[in-house]
Amino acid sequence: MGVEFDGKHCSECGSDGPFRIVVDEWMRRTFRFVEHGQLKMCEKCGAKFLVCKQCGALYTRVHPALEQWELSTQCPSCGYVDQEVKAWDGVSAR
């Protein structure tokens, strides 16, 4: 991991943006919290992040080999807890 994740900078490269909204159909099918959320991608390195539903900050990084322990339990910016992320049990197949 690059830098401490604060919800404003990319956790992989440290960039403060730009971040653009992306649609990743595979991740939407695989992770329920992505299906009902929004993703932003770091323009510098390509890392994708779930967007906080409450404040719009970067909530947690999402990638194809995601493990349960990698998920942030709450938004690092406002403290909001997304119940779908919290409930995710690490099983990607539905």
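**Exercise 1: Finding a partner across two strands**

Which residue is the bridge partner of isoleucine 21 in E2? Work it out in this predicted model.

*Solution.* Start with the two strands: E1 covers residues 19-22 and E2 covers residues 39-42. They pair in the antiparallel sense, over 4 bridges. Now look in E2 for the partner of isoleucine 21, and you will find lysine 40.

**Exercise 2: Building up the sheet**

In what order do the 4 strands form the open sheet? Trace the pairings one by one.

*Solution.* Step one: you can begin with E1 and E2, which are antiparallel. Step two: go on from E2 to E3 (residues 48-51), where 3 bridges join the antiparallel strands. One contact to look for here is leucine 39, whose bridge partner in E3 is leucine 50. Step three: move from E3 to E4, again antiparallel, with 4 bridges. Here phenylalanine 49 has arginine 61 as its bridge partner in E4.

Put the steps together and the order reads E1-E2-E3-E4. The edge strands are E1 and E4 (58-62), each of which pairs on one side only. From one strand to the next, the twist averages 40 degrees.

**Exercise 3: A turn between strands**

How many residues lie between E2 and E3 in their hairpin? Look at the turn as well.

*Solution.* There are 5 residues between the two strands of this hairpin. In the turn you meet glycine 46, which has a positive phi of about 90 degrees.

**Exercise 4: Sorting aromatic pairs**

The structure holds 6 aromatic pairs. Is the pair of phenylalanine 31 and phenylalanine 33 stacked or edge-to-face? Then do the same for phenylalanine 33 and tryptophan 88.

*Solution.* For phenylalanine 31 and phenylalanine 33, the centres are 5.6 Å apart and the planes meet at 25 degrees. Planes under 30 degrees apart count as stacked, so this pair is stacked.

Next, the rings of phenylalanine 33 and tryptophan 88 have centres 5.8 Å apart and planes at 85 degrees. Angles over 60 degrees count as edge-to-face, so this pair is edge-to-face.

**Exercise 5: Why the second pair links distant parts**

Why does the pair of phenylalanine 33 and tryptophan 88 tie together parts that are 55 residues apart in sequence?

*Solution.* Find each residue: phenylalanine 33 lies in helix H2 (residues 32-35), while tryptophan 88 is in the segment after helix H3 (83-87), so their pair ties those parts together. Both residues are buried, and phenylalanine 33 has a relative accessibility of 0%. Phenylalanine 31 is buried too, at 1%. To finish, picture one aromatic cluster formed by Trp26, Phe31, Phe33 and Trp88.

Conventions. Residues numbered from 1 in each chain as written. Predicted model: local features only at pLDDT ≥ 70, side-chain atom pairs only at ≥ 80, totals over all residues. Heavy atoms only, no water. Pairing = 2+ DSSP bridges. Phe/Tyr/Trp six-rings, centres within 6.5 Å; stacked < 30°, edge-to-face > 60°. Buried < 20%, exposed > 50% of the residue type's maximum accessible area, 1.4 Å probe, protein only. Axes fitted to C-alpha atoms, helices over the stretch in contact; angles between N-to-C directions.
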